[in-house]
Amino acid sequence: MEVTMTTNEHRLRTARSYKLILLFAMVSMTMMFAGLTSAFVVSKSRVDWLKDFQLPTAFYYSTIVIIGCSVTFHLAKKAIQKDNKSATTTFLLSTLALGILFVVLQFVGFGQIVENGYYFTGSESSITTTFLYIVTVVHLIHLAGGLISLLIIIYNHFKQKYNSTQTLGIELGAMYWHFLDFLWLYLFVFLYFFK
């Protein structure tokens with residue numbers, strides 16, 4: 001007896017597979033950042049560790065901005081589930097703008113660190129700022145992946161590929177952006193309290 005899968009069953013199975021792959025990737029990234037932050041903690045005992053280093057103010061603003069990204073992406077997902085395509089467009093484009101603003105603020109923060117006389121590389125650098133630079137740049141690389149996926153989602157949205165019955169791309173994008181948000185919050189709190 002031949003068993004055939006309905007279109008809906010196939011769609012559900014595909015969605016589950018993609019979500020598991022994304023979850024596996026997020027767990028791997030989490031482990032990488034756990035390793036980096038563990039190295040950060042171990043390095044704190046070095047004599048050349050900066051004890052009075054302050055995070056740049058731009059990092060505080062970027063934290064608010066990335067939380068905004070999660071909110072707008074969540075609203076985009078809710079809007080497409082109600083077939084409200086114009087609201088979905090607005091929220092996806094808002095997420096893109098906030099994501100770009102987050103990147104800009106990160107570089108402004110790097111500039112503020114240099115203005116305060118701390119360098120990331122070279123003879124005038126310190127292990128503290130080098131670690132900060134590595135951690136934030138690695139996060140920015142992951143965020144670049146998020147921005148690329150968001151551009152693909154926006155493109156697909158304009159091609160009318162999403163509706164209330166087909167939301168997988170937006171769901172996966174939202175999952176990843178919530179993860180990036182959580183990851184930055186973790187890094188920010190970690191760097192704030194363990195500097």
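Select phenylalanine 194 to begin; this residue lies in the segment after α5. In this predicted model, phenylalanine 194 counts as partly exposed, at 39% relative accessibility. Now add Val41, Tyr60, Val189, Tyr192 and Phe193 to the selection: together with Phe194 they form a nonpolar patch on the surface, with about 560 Å² of accessible area. Helix α5, residues 168-193, gives the largest share of the patch, 3 residues.

**The whole chain**

Clear the selection and display the entire chain. There are 5 helices and 0 strands to find, and the pattern along the sequence reads α-α-α-α-α. The C-alpha atoms fill a box of roughly 70 × 40 × 25 Å along the principal axes. Of the 195 residues, 42% are buried. A surface display would show about 10800 Å² exposed by the chain, with 67% of that area supplied by carbon and sulfur atoms. Among contacts between residues at least 6 apart in sequence, 84% join residues at least 24 apart.

**The nonpolar core**

Select Phe73, Leu92, Leu143 and Trp177 next. Within the largest nonpolar core, which has 51 residues, these four touch the most other members. Colouring by helix is helpful here, since α1 (7-43), α2 (57-81), α3 (85-115), α4 and α5 each supply at least two residues of this core. The largest share, 14 residues, comes from α5.

Keep leucine 143 in view. Which residues does leucine 143 touch, apart from those up to four places away in sequence? They are Ile66, Gly99, Phe102, Val103, Trp177 and Leu180.

**Two buried polar residues**

Move to glutamine 106, in helix α3. Is glutamine 106 buried or exposed? Its relative accessible area is 0%, so glutamine 106 is buried. With neighbours within four places in sequence left aside, glutamine 106 is in contact with Phe59, Ser62, Thr136, Leu140 and Trp184.

Then select threonine 129, which is placed in helix α4, residues 127-158. Threonine 129 is buried too, with a relative accessible area of 0%. Show the backbone atoms of tyrosine 119 as well: the side chain of threonine 129 reaches the backbone oxygen of tyrosine 119 at 2.5 Å. Beyond residues up to four places away in sequence, threonine 129 touches Leu50, Phe53, Ile113, Tyr118, Tyr119 and Phe120.

**A salt bridge between helices**

Select lysine 19 and glutamate 171. The count of salt bridges comes to 1, and the side chains of lysine 19 and glutamate 171 meet in a salt bridge at 2.7 Å, N to O. Lysine 19 belongs to helix α1 and glutamate 171 to helix α5, so the pair ties together parts that are 152 residues apart in sequence. The two ends can be compared by their accessibility. Lysine 19 is partly exposed, with a relative accessible area of 28%, whereas glutamate 171 counts as buried at 19%. The value for glutamate 171 falls under the 20% limit for a buried residue.

**Threonine 57**

Go on to threonine 57, found in helix α2. Threonine 57 is partly exposed, at a relative accessible area of 45%. Display the side chain of glutamine 112 too: the side chain of threonine 57 makes a polar contact with this side chain, at 3.2 Å. For a sense of distance across the model, select glutamine 166 next. The C-alpha atoms of threonine 57 and glutamine 166 are separated by 41 Å, and the two residues are 109 residues apart along the chain.

**Two loop residues with positive phi**

The tour ends in the loops, with attention to the backbone. Most residues other than glycine have a negative phi. Select aspartate 83, placed in the loop between α2 and α3. Phi of aspartate 83 is near 60°, a positive value in a residue other than glycine. Aspartate 83 counts as partly exposed, at 38% relative accessibility.

The last selection is glutamine 160. Where is glutamine 160 found? Glutamine 160 is in the loop between α4 and α5. Although glutamine 160 is not a glycine, its phi is positive, at about 65°. Glutamine 160 is exposed, with a relative accessible area of 51%.

Key. Residues numbered from 1 in each chain as written. Predicted model: local features only at pLDDT ≥ 70, side-chain atom pairs only at ≥ 80, totals over all residues. Heavy atoms only, no water. Helix = DSSP H or I, 4+ residues; strand = E, 2+ residues; numbered from the N terminus. Buried < 20%, exposed > 50% of the residue type's maximum accessible area, 1.4 Å probe, protein only. Polar contact = N/O pair within 3.5 Å; in protein donor to acceptor, adjacent residues only side chain to side chain. Contact = heavy atoms within 4.5 Å. Patch = residues over 30% accessible without salt bridge, like charges linked within 9 Å, V, L, I, M, F, W, Y side chains within 5 Å. Areas by Shrake-Rupley, 256 points an atom, 1.4 Å probe, with all protein chains shown as cover. Salt bridge = Lys/Arg side-chain N within 4 Å of Asp/Glu carboxyl O. Core = buried A, V, L, I, M, F, W, Y, C linked by side-chain atoms within 4.5 Å.
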